[in-house]
Amino acid sequence: MGWPEEQVAPLMKAFKDATGISVSAERLPITELFRTLEVRLQARNELPDVYLVDGPLTASYAARGHLLALDEMLAGDKDRFLPTTIEQGSYDGKLFAMPLGTSSQLLFYNKKLFAEAGIDVPSSDPEARMTWEELLPIAQQLTKPEISQFGFAFENANPYQLLPVPLSKGAEVIGPDGLTASGYVDGEGMVEAMSWYQDLYQTHKVGPVGTFQTGVTQEMFGSGKLAMIIGGTWNLVGFEKFEDLDFGVAPHPFFEGGRAVTPTGSWHIGINPRTVHMAQSQEFVRWLSTREAMDLWFDLRQYPPSLEEIWEQRADTTFVDPAWAIVRHELANTATPRPPTPAYREYEDFLRTAMQDIQTGANVQESLTRAAQNIDREMRKYR
Amino acid sequence: MATMNISRLRKSFGDTEILRGIDLDVRDGEFVALVGPSGCGKSTLLRLIAGLEVATAGKITIGTKDVTGLPPKERDVAMVFQNYALYPHLTVRNNMGFSLKLRGANKSEIERKVVDAAGILGLDALLDRYPGQLSGGQRQRVATGRAIVRDPQLFLFDEPLSNLDAKLRVQMRTEIKALHQRLRNTMVYVTHDQIEAMTLANRIVVMQSGRIEQQGAPLELYDRPANAFVAGFLGSPSMNFIKGQIRGGRVVTEDGTALPGGNSAGGSNEGREVLWGARPESLIPASQGFSARVEVVEPTGPDTQLLVRAASAPLVVLLRSRSSAAAGESINFDVDQNDVHLFDAESGVRVDAKA
Amino acid sequence: MISSRWTPFLFLAPALAGLLIFRLVPIGIAVGGSLTGVSLMGDLNFVGGENFHYLLSDPQFWASLKITLWFNLIINPLQLAIAFGLAMLVFRPLPGLWIYRALLVLPMAVSTGISAVLFGLFLDSNLGPFNGFLEWIGVGAQPFHRSQDQALYTLIGIATWKGAGYWMLFLLAGLYSIPSTVYEAATIDGASGWQRFRYVTLPLMRKPMAFVLVADTAINFLFFAPVYILTSGGPGGATSLLMFEAYRSAFTFSDIGRSLAISTILLGIILVIVVLEFRLLRSPEERS
């Protein structure tokens, strides 16, 4: 896991107090987490007992026998979770990874910069959300190179965040079998969407080029160098550290004539079927699914919760208004999980590279075709 | 072919003075040997002539040209190095033709000169070998050949035979002598081996501590050394020396032994402290003379070498005949008046006859 | 009593065992592994030439091969030339020479990984001091490893910064092993400074140069860390050297077969090129 010690330790302590079982947690930087996990799992030994699963990787791990099916264990609990989260944690009709939370993306804007420019702030009503066509001129107005101020940026350049762009245009981003990339990843809709994305940075220059890492764009928005940012719900708390920042939130934009699509999905937890601590591992996962544990978790790290009951009783107590209402609407109506393919890891890896390259000015068609070829190659093993 | 003139030549490396004023004239076609012990400056002098070192002061003229400040290539000299300094990556042919190639000579001319020189040195069969495939003597010949091909004004040899074994050294010595007689080029030859100098040179220049001690024809130096250093340096086995005082035409040692006084022991030299010298072959067994005790007998075939002790000093005696002398025996030796050398005890300078 | 015929082998046994265990066995495993595939559930099975056959139709492989060859075609002669130049510069005794030597050798003490990180910071387009300098002298900021056109050359620059001083040491030792009298002989034979370099230094440096070229080639074909740290094969695949491709196959995509097939091909390429280089730089004695 990649979270701060202070967000993890209390959870482990509560589990020990409740069951007497102590958990030894290993924390890794997020950039190393997936690589390290991959090497460990492919060694096919008894460690780790329990590990964090990024929602869309469930299929990949399950297909290779790295996850224990949890249906029996959580038989009575499945309907307590948001349906999209159960969908992400499942493969082949079975639940393999228990959802710990979910996520959504919002348009954050800097109220001060809007006021200075005399521009009306975007509507917070999901039914009256902005189109990308409306956003561009606003972003252009708010871009001031002379003071290094940019109008708009995506928080990062990951498929998680950028796939809603082609999806909003109605593009198919993966073949119906979940194992074909050519014709989809480099299909017409995708090329069109990614060309639009490239134009934002290269032609209109409303966004800072080369900012692939979440932290950089957050910092720019927080310090008033970026007027609008599409970012995750985690920023609702994250932006609090910028004392001078007065921000508002609006729903995720879409293309005129297209449909509204938002990213979703988050962390799950799964059990290594080879663990020698099977009973304790199951005990831990079961305990994490309890209301008590989920409450504590929501206090510690404010992801949109995966349990319906917490949404009903607690979310609006914490989230900045109107974020709670928007996120709830998105999760119910526009949230689109990442493609359910066992090869999501490979899909994401190559597509991310292509997306970053496109932002920095690489040829769109070439980048996507290369990504599609590489993805198809790595998908062989799942066919 | 050329003359060479060196005047008041000095060379220092930092605070160390290696050459302290050298004056030397070399005649056209002459073979001059520079001899002296290690560190006497003979190799430095050669390198200054070659242009590999720059003189601190003084002047070098080759032919009529002042070459003091000129680089080697403008001096028209050739040099044979002690370790031969052959180009390891070139064949014998290309080693020998290298200088001509640099000079831009055409191929047929290079080939002709190389083949000529190879013929002189007996290298014909080795022209396509590499230096690594040759014996020491062959390498030495190639190094010499490389010099011959250029037909320079001046040949310089820097101890060219000292890396060879004794037998080969004698053979190569003869070859170099024959070569000089054939080519008649001016040659300057550095060696620490006085026999090489004696046998090869028209003129020997004996150096010590950066100065020329004496120069002249080999036998002239051998017969009339100007000082005790030259006397001791030339000749093998070297000259015997005993300290003494001139008294009544004889040289009397500390223990009272009276040695033959020679031609210079008379007149106003009476009472002078001297170094008495006699070459090993000048000590002749006689009925008179001074007595010596035989310590070691070394027959070499043609000669017999005796180590004897007289006047508490060890003496080497070289007899041109078989000898029946035995260790422990006492024998009387005498020296011809003309074969006695006397040197001043303090300065080492030769003592001449005075009225 | 052991027969004398076997005695030499007895003495050689530890070295031979080491060679076998640490060299030949891994190579055997790599070559053998390139003929296998791993199923989703982790079962190993023999697939014959399939991994190689697939590579033939894999555009990424061909692109990587092209980049790898181009990279080596530039970096090896470049490093050799720079190392040689540096060796010539610090060869002659000069006051304070040891300072220059130390400065040139210093990058050796920095691990490849650290130097990649340092250069990442140094060349950064927003915060890096080097771009500040380039703007100051009016050249303007360069994207370096962030640009498809410059990334490969940036990596070559970093590797050369790190490697040139190291290779210089071997060439310097080579220069010192040439007897000074050979130069003097050439001087007396009438060679100018350039001619001494051309006809004496260069040919006599064949062996050290061959060693450096061969060792450098073997290392640069396996060039990896800066790619991993700075570019991850990008941008736009501009730095996807074969070694990185092999790494990604094995550790990111769990395709051991493809990884080992690429490694085996790399091994073959290195072998061929090293043999060619040795032939090219053989001394004339050995050639005849």
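Begin by selecting chain C, where buried residues, meaning those under 20% relative accessible area with a 1.4 Å probe and protein chains only, make up 44% of the 288 residues. What you have open is a predicted model, in which local features need pLDDT of at least 70 and side-chain atom pairs count only at pLDDT 80 or more, while totals for chains, interfaces and linings use all residues. Residues are numbered from 1 along each chain as its sequence is written, chains are lettered from A and ligands numbered from 1 in the order in which they are written, and side-chain values use heavy atoms, with hydrogens and water left out.

**Chain C as a whole**

Colour chain C by secondary structure and you will find 14 helices and 2 strands; helices (H or I, at least four residues) and strands (E, at least two) are DSSP runs, numbered from the N terminus. Along the principal axes, the C-alpha atoms of chain C fill a box of roughly 75 × 75 × 35 Å. If contact is taken as heavy atoms within 4.5 Å, then 66% of the contacts in chain C with a separation of 6 or more come from residues 24 or more positions apart. Turn on the surface, and about 14900 Å² of chain C is exposed, with carbon and sulfur atoms supplying 73% of it; such areas come from the Shrake-Rupley method with a 1.4 Å probe, and for residues only the protein chains shown count as cover.

Next, display the charged side chains of chain C, counting Lys and Arg as positive and Asp and Glu as negative, with His and the chain ends not counted. The place of each charge is taken as NZ of Lys, CZ of Arg, CG of Asp or CD of Glu, and the mean positions of the 16 positive and 14 negative charges are 10 Å apart.

**From chain C to chain A**

Now select Met41(C), which is found in the loop between strand 1 (36-38) and strand 2 (44-46) of chain C. Which residues does Met41(C) touch, not counting residues up to four places away in sequence? Show Arg44(A), Ala63(A), Arg64(A) and Gly65(A), since these are the residues that Met41(C) touches. Met41(C) has a relative accessible area of 44%, and therefore counts as partly exposed, the class between buried and exposed, where exposed means over 50%.

**A sheet in chain A**

Move to chain A and select strands 5, 6, 7 and 8, which form an open sheet of 4 strands in the order 6-7-5-8 with mixed pairing. Its edge strands are strand 6 (150-154) and strand 8 (247-250), each pairing on one side only, and neighbouring strands are turned by 20° against each other on average, direction ignored. Two strands pair if DSSP finds at least two bridges between them.

At one side of the sheet, strand 6 and strand 7 (residues 226-232) of chain A pair in the parallel sense over 4 bridges, and Ala153(A) has Ile229(A) as its bridge partner in strand 7. Then look at strand 5 and strand 8 of chain A, which run antiparallel and are joined by 4 bridges; here Tyr109(A) stands opposite Gly248(A). Stay on strand 8 and show its side chains: Phe247(A) and Val249(A) point one way, Gly248(A) and Ala250(A) the other way, and all are buried.

Add helix 10 (residues 214-222) of chain A, which lies across strand 5 (105-110), strand 6, strand 7 and strand 8, running at about 135° to strand 7. Such angles run from 0 to 180 degrees between N-to-C directions, with axes fitted as lines to C-alpha atoms, for helices over the stretch in contact.

Now pick Gln356(A), whose place is in helix 17 (residues 344-359) of chain A. Is Gln356(A) buried or exposed? Gln356(A) counts as buried because its relative accessibility is 18%, and, leaving aside neighbours within four places in sequence, it is in contact with Ala157(A) and Phe212(A).

**Ending in chain B**

Finally, select chain B, which has 8 helices and 19 strands, and in which 51% of the 355 residues count as buried. Zoom to strand 11 (residues 240-247), which runs antiparallel to strand 14 (residues 273-278) and is joined to it by 6 bridges, with Trp276(B) as the bridge partner of Ile242(B). Strand 11 also pairs in the antiparallel sense with strand 12 (residues 250-252) over 3 bridges, and Gln245(B) stands opposite Val252(B) there. These two strands, 11 and 12, form a hairpin with 2 residues between them, and Gly248(B) in the turn has a positive phi of about 55°.
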